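Thanks, everyone. Let me put the sequence and the structure up, and then we will walk through them.

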Amino acid sequence: MKLQFFKYQGTGNDFVIIDNRQDTFPKNNTKLVAQLCDRRFGVGADGLILLENDKMSDFKMVYYNADGGESSMCGNGGRCLVAFAHYLGIIGGKTTFTAVDGLHEATIEGNLVNLKMVDVEEIREKPAYTFLDTGSPHHVQLVEGLQKFDVHKEGAKLRYGLYGKAGSNINFVEQQNADTFQVRTYERGVEDETYSCGTGVTAVAVAMHKLGKTSAKTVQIKTPGGDLSISFEQNNGNYTNIYLKGPAILVYKGEIEC
């Protein structure tokens, strides 16, 4: 069959996006998802996203990792899907949509999408790292010399050794100034470093505030793929009204024989 797809990227985190409102995509075909995400034998992406109809909101987001498995929330993917819905004319400047972790709100202006993330109530502080869930599980660890750090080796070691089969995304962080942090992320499901991770930078911003590394309620994050901004409110240890803001751009659209 011929499959129409759209390729989007948000700070270098790239996705194959498919309009599945007619429910024609074979959702249980994990091999097809992995093939489409393969950078040599398919389109090439960090993940695949289906846009589907939803009775409770403007649309539904179904997200698959590059290995073909359906996964937890993807922040940059969510922002790209909002841009895609706007491209299709489904939404205007504001939207609500349903994802695996619940209902999300978002706004879009030009190429900038501001996405509301889930609240964070539990943050586990360990001597060497912090763990929290921002729609996906994240390990946050401060390091020195991040640019030369072996993210793939050390990320894989923690992803499998510390978190087992279920795994966690692993974020390595270096502070730049009072409200700015540089981040590199090893993503489970991709099993490699990605240029950016939306739930990851959200986790970093919240963790750095919780640890007292910054007092800012709007944190700037620099990733290999570009810059993102995370804002939030904090009350009695709970983080609410968390927003992830950054660009979401259509790269190209096409058809592929499956």
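Is C197 buried or exposed? With a relative accessibility of 5%, C197 is buried. The cut-off for buried is under 20%. Keep in mind that this is a predicted model.

Why start there? The UniProt entry, which is unreviewed, carries an "active site" annotation on C74 and C197. In sequence the two span 124 residues, but their C-alpha atoms are no more than 7.6 Å apart, so they gather at one spot. Both C74 and C197 belong to the lining of the largest cavity.

Take C197 in its setting. C197 sits in a loop, with strand 13 (192-194) on one side and helix 4 (198-210) on the other. Beyond its neighbours within four places in sequence, C197 has contacts with N13, N76, H138, T185 and E187.

Now the partner. C74 is also in a loop, the one between strand 4 (59-65) and helix 2 (75-88). What is the relative accessibility of C74? The value is 6%, so C74 counts as buried. Again setting aside neighbours within four places in sequence, C74 is in contact with N13, F15, M61, Y63 and T199. Note N13: it appears in the contacts of C74 and in those of C197.

Next, the empty space. Rolling a probe the size of a water molecule over the atoms shows where such space is left. How many cavities of 30 Å³ or more does the structure hold? The answer is one. The volume of the largest cavity is about 90 Å³. Its lining is made up of Y63, N65, S71, S72, M73, C74, S136, N169, E187, R188, C197 and T199. Sorted by class, that lining has six polar, four nonpolar and two charged residues. Some of these names have come up already. Y63 and T199 are among the contacts of C74. E187 is one of the contacts of C197.

Then the pocket. The largest pocket has a volume of about 230 Å³. There are 14 residues in its lining, and R39, D46, V190, D192 and E193 are the closest to the pocket centre. Which element gives the largest share of that lining? Strand 13 does, with three residues. Here the classes read seven charged, four nonpolar and three polar. Strand 13 is also the strand before the loop that holds C197.

Let me zoom out to the whole fold. The protein has four helices and 17 strands. Its radius of gyration is 17 Å, close to the 18 Å that the globule rule gives for 258 residues, so the protein is as compact as a globular protein of that length. The C-alpha trace spans about 50 × 35 × 25 Å along the principal axes. Of the 258 residues, 53% are buried. On contact range: count the contacts between residues at least 6 apart in sequence, and 61% of them join residues at least 24 apart.

One helix deserves a look. Which residues of helix 3 (residues 151-161) are buried? They are V151, G155, A156, L158 and R159. In an α-helix there are 3.6 residues a turn, so residues three or four places apart point the same way. Who covers the buried residues of helix 3? The cover includes strand 10 (137-142), strand 11 (169-177), strand 12 (180-187) and strand 13.

Two loop residues to finish. First up is V100, in the loop between strand 5 (94-99) and strand 6 (102-109). V100 counts as exposed, at 56% relative accessibility. Leaving out neighbours within four places in sequence, V100 is in contact with M61, S71, S72 and M73. S71, S72 and M73 also line the largest cavity. Between V100 and S136, 36 residues apart along the chain, the C-alpha separation is 10.0 Å.

Last is P26, in the loop between strand 2 (13-19) and helix 1 (30-37). P26 has a relative accessible area of 29%, so it is partly exposed. Apart from neighbours within four places in sequence, P26 is in contact with M1 and L32. P26 and K116 are 90 residues apart in sequence, and their C-alpha atoms are 29 Å apart in space.

That is the tour. Over to you for discussion.

How values were computed. Residues are numbered from 1 along each chain as its sequence is written. This is a predicted model: local features need pLDDT of at least 70, side-chain atom pairs count only at pLDDT 80 or more; totals for chains, interfaces and linings use all residues. Side-chain values use heavy atoms; hydrogens and water are left out. UniProt positions are given in the numbering used here, feature names are shortened, and annotations may be inferred rather than shown by experiment. On a 1 Å grid over the protein atoms alone, a cavity is a set of points where a 1.4 Å probe fits but cannot get out, and a pocket is an open set with protein on both sides within 12 Å along at least five of seven lines; lining residues have an atom within 4 Å of a point. Buried means under 20% relative accessible area, exposed over 50%, partly exposed in between (1.4 Å probe, protein chains only). Contact means heavy atoms within 4.5 Å. Grid points are joined across faces, edges and corners, and a volume is the space filled by probe spheres set on the points. Ala, Val, Leu, Ile, Met, Phe, Trp, Tyr, Cys and Pro count as nonpolar, Asp, Glu, Lys and Arg as charged, and the others, Gly among them, as polar. The radius of gyration is taken over C-alpha atoms; the globule rule is 2.2 Å times the number of residues to the power 0.38.
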